Amino acid sequence: MNGSSPAVLETRNLTKIFGGLTAVGRFDLEVRQGEILSLIGPNGAGKTTVFNVVTGIYRPEEGQVLFRGEDITGWKPHQIVKRGVARTFQNIRLFPNMTCLENVVAGQHSRGASGVWSSIFRTRSQRVEESRFFEKADRCIDRVGLSRFRNELAKNVPYGRQRMLEIARALACEPALLVLDEPSSGLNAVETEELMRFLEDLIREDALTILLIEHDMNVVMGISHRVAVMEEGRKISEGRPEEIYRDPRVIEAYLGKEEN
Amino acid sequence: MESSRSQGSGRFFGSRQGTLMAVVAAFFIYPFVVGDYHIDIAFFFGIYALLGLSLNIVLGEVGLFDLGHAGFYAIGAYTTAILNTKYGIPVLLLLPVSAVAAGLFAYLVCSPIIHLRGDYLCIVTIGMGEIVRLALINNPLDLTGGPNGVFGIDFPSLGGIFVIDSPIKYYFLIWTVVALTIIGLLRLQKSRIGRAWNCIREDEVAAGSSGIDVRHYKLLAFMLGAALAGVAGNIYASKLMCVSPESFTFWESCLFFCIVLIGGMGSIPGVLIGAAAISLFPEILRPFAMYRMMFFGIAMILMMMFRPGGVWPRKRGEGAP
């Protein structure tokens with residue numbers, strides 16, 4: 001990855017405090033156009049908190065989040081989605097009693113404008129918008145290989161497929177930056193391999209940028225262009241996967257200090 | 001009541017269209033073969049159907065617990081009563097006015113509380129409904145007539161030309177409104193708006209992260225629900241020719257809640273079944289009036305045990321109506 005690509009997402013001095021606990025402290029991160037950046041770290045390091053601040057679920061105590069140079073700190077989640085950041089969740093959050101297709105169409109919501117009256121009177125623009133929504137959703141659902149589940153309720157779909165469904169919904173938001181929270185957790189080896197190829201395709205063919213939290217080191221080392229390591233709310237290391245792999249601070253964070 | 005089948009699936013009776021036609025035909029014939037008493041029963045079934053549909057937007061589609069819906073109903077009824085008796089504005093012209101008044105009221109009272117979840121919202125809406133009722137009893141600005149209410153509301157008319165002055169005309173008025181409402185709501189269900197509501201019901205956080213403005217759509221549901229309750233209030237006020245606070249008690253809100261729960265949350269045919277149960281049961285059980293509440297209670301408990309999704313839950317996916 002070319003180091004001079006412009007930053008898509010930038011956090012500056014980001015701080016999030018819960019009660020007396022600093023979950024994230026003075027956290028700086030830069031995600032560059034077209035890269036896969038993995039955020040790793042031990043449990044409780046604050047990775048998901050960073051995601052929640054970036055996607056507007058939490059408001060930070062301090063610091064800024066910049067998306068394509070625009071300050072989006074403290075914006076509501078739907079505003080951030082509309083700007084082009086879509087996400088998935090660590091513990092899959094689908095709409096369980098809606099069909100897979102309806103789940104994915106939901107991602108298109110911010111790309112439409114029809115309101116109550118145009119929906120009741122089925123105006124021309126509303127019908128055009130609906131068919132555009134469903135075409136897009138169909139493409140997203142095909143893309144993750146879930147076509148045969150499209151009319152199944154999301155809660156009846158196998159776990160591994162639910163992960164892909166959630167990614168399809170995020171893609172339907174038409175994002176520039178995809179933020180994935182442990183996409184491979186709960187997947188078997190074959191599914192994980194498929195996921196890695198899929199994410200690489202997204203980077204190559206769709207010019208997306210991906211920020212992910214990941215615990216599976218095969219995924220991290222296999223597809224990341226860069227890796228950032230967190231411990232206790234702070235960034236302790238950042239660099240190419242092979243550099244991170246050898247960084248003594250990272251080894252210490254994961255395995256503890258060698259007694260001597 | 002026959003009309004409860006109007007959105008029915010036709011699996012038991014041949015084609016769906018056929019069933020629908022039969023129901024509509026029965027609906028037109030019914031008032032001509034029964035007496036005024038039975039027409040009035042069908043009228044009140046229609047009122048409860050409209051109120052059930054209105055609460056179904058908030059409770060069924062978005063999953064917000066609203067136990068103060070009678071408050072919106074009251075705002076609609078009193079708007080019509082006061083403007084008609086004091087200023088002589090025709091009742092039919094006041095129909096949209098009542099809807100707007102109730103919707104606006106919902107916007108004002110729900111804006112500050114809309115972020116509350118589940119039980120918390122429920123308790124605040126109970127308070128809201130009670131405050132409306134107590135305010136009406138206290139006769140603010142000498143407008144509401146205190147505990148006695150407002151008397152002498154006209155028949156619905158457009159200033160003398162088109163007067164609704166008999167049970168049969170009222171029957172057609174309410175069921176026309178219900179039918180139009182159903183068409184509108186079915187279309188909303190299958191739109192960006194209806195899907196956004198359902199997403200919020202399923203998972204609020206995921207809805208926000210899919211680009212849905214959660215607060216906006218919750219408020220919209222409350223406003224639309226309140227506006228429809230306001231329409232019901234308008235028709236109810238002119239039918240009874242008077243309104244008083246005792247028509248808008250917490251118990252009424254509970255009844256609306258039961259209508260949605262019995263039928264199945266978010267299911268329009270379900271609401272019609274629920275409304276039929278609530279409005280017809282008391283008639284059937286008249287000989288046992290003493291035990292009416294007990295029957296209700298037992299029925300609700302059995303429902304929750306054996307059919308928690310309601311009598312006619314909404315189906316999704318291929319072939320869903």
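Is B:C122 buried or exposed? B:C122 counts as buried, because its relative accessibility is 12%. This value, like the others below, comes from a predicted model.

## Cysteines without partners

Over all chains, the structure holds zero disulfides. B:C122 is in none; its nearest cysteine sulfur belongs to B:C254 and lies 8.9 Å away.

What about B:C110? The closest cysteine sulfur to that of B:C110 is in B:C122, at 13 Å. That is too far for a bond, because a disulfide needs the two sulfur atoms within 2.5 Å. B:C110 is also buried, because its relative accessibility is 1%, under the cut-off of 20%.

## Where chain A meets chain B

How many residues of chain A are in contact with chain B? The number is 38, and they touch 29 residues of chain B. The size of an interface is often given as the accessible area lost when the parts come together. Here chain A and chain B bury about 2,800 Å² between them. Carbon and sulfur atoms account for 58% of that area.

Which residues of chain A lose the most area to chain B? They are A:H78, A:F95 and A:H109. Together they make up 22% of what the chain A side buries.

## Polar links across the interface

Two salt bridges cross the interface of chain A and chain B. One of them could be traced by its residues: the side chains of A:E130 and B:R195 meet in a salt bridge. The N to O distance there is 2.9 Å. Polar contacts are counted too: 11 residue pairs link chain A and chain B in this way, with both residues at pLDDT 80 or more.

## The chain A side

Four helices of chain A each supply at least two residues of the side that touches chain B. They are α2 (77-83), α3 (100-106), α4 (116-120) and α5 (124-143). α5(A) gives the most, with five residues.

The make-up of this side is mixed. Its residues divide into 18 nonpolar, 12 polar and eight charged.

## A serine in a chain B loop

Where is B:S247? B:S247 sits in the loop of chain B between β2 (242-243) and α10 (250-263). B:S247 counts as buried, because its relative accessibility is 14%.

Leaving aside neighbours within four places in sequence, B:S247 is in contact with B:Y73, B:Y236 and B:E252.

Note on methods:
Residues are numbered from 1 along each chain as its sequence is written. Chains are lettered from A and ligands numbered from 1 in the order in which they are written. This is a predicted model: local features need pLDDT of at least 70, side-chain atom pairs count only at pLDDT 80 or more; totals for chains, interfaces and linings use all residues. Side-chain values use heavy atoms; hydrogens and water are left out. Buried means under 20% relative accessible area, exposed over 50%, partly exposed in between (1.4 Å probe, protein chains only). Contact means heavy atoms within 4.5 Å. Buried area is the accessible area (1.4 Å probe) that two parts lose on being put together, summed over both. A salt bridge is a side-chain nitrogen of Lys or Arg within 4 Å of a carboxyl oxygen of Asp or Glu. A polar contact is a pair of N or O atoms within 3.5 Å; within protein, one must be able to donate a hydrogen and the other to accept it, and residues adjacent in sequence count only if both atoms are side-chain atoms. Ala, Val, Leu, Ile, Met, Phe, Trp, Tyr, Cys and Pro count as nonpolar, Asp, Glu, Lys and Arg as charged, and the others, Gly among them, as polar.
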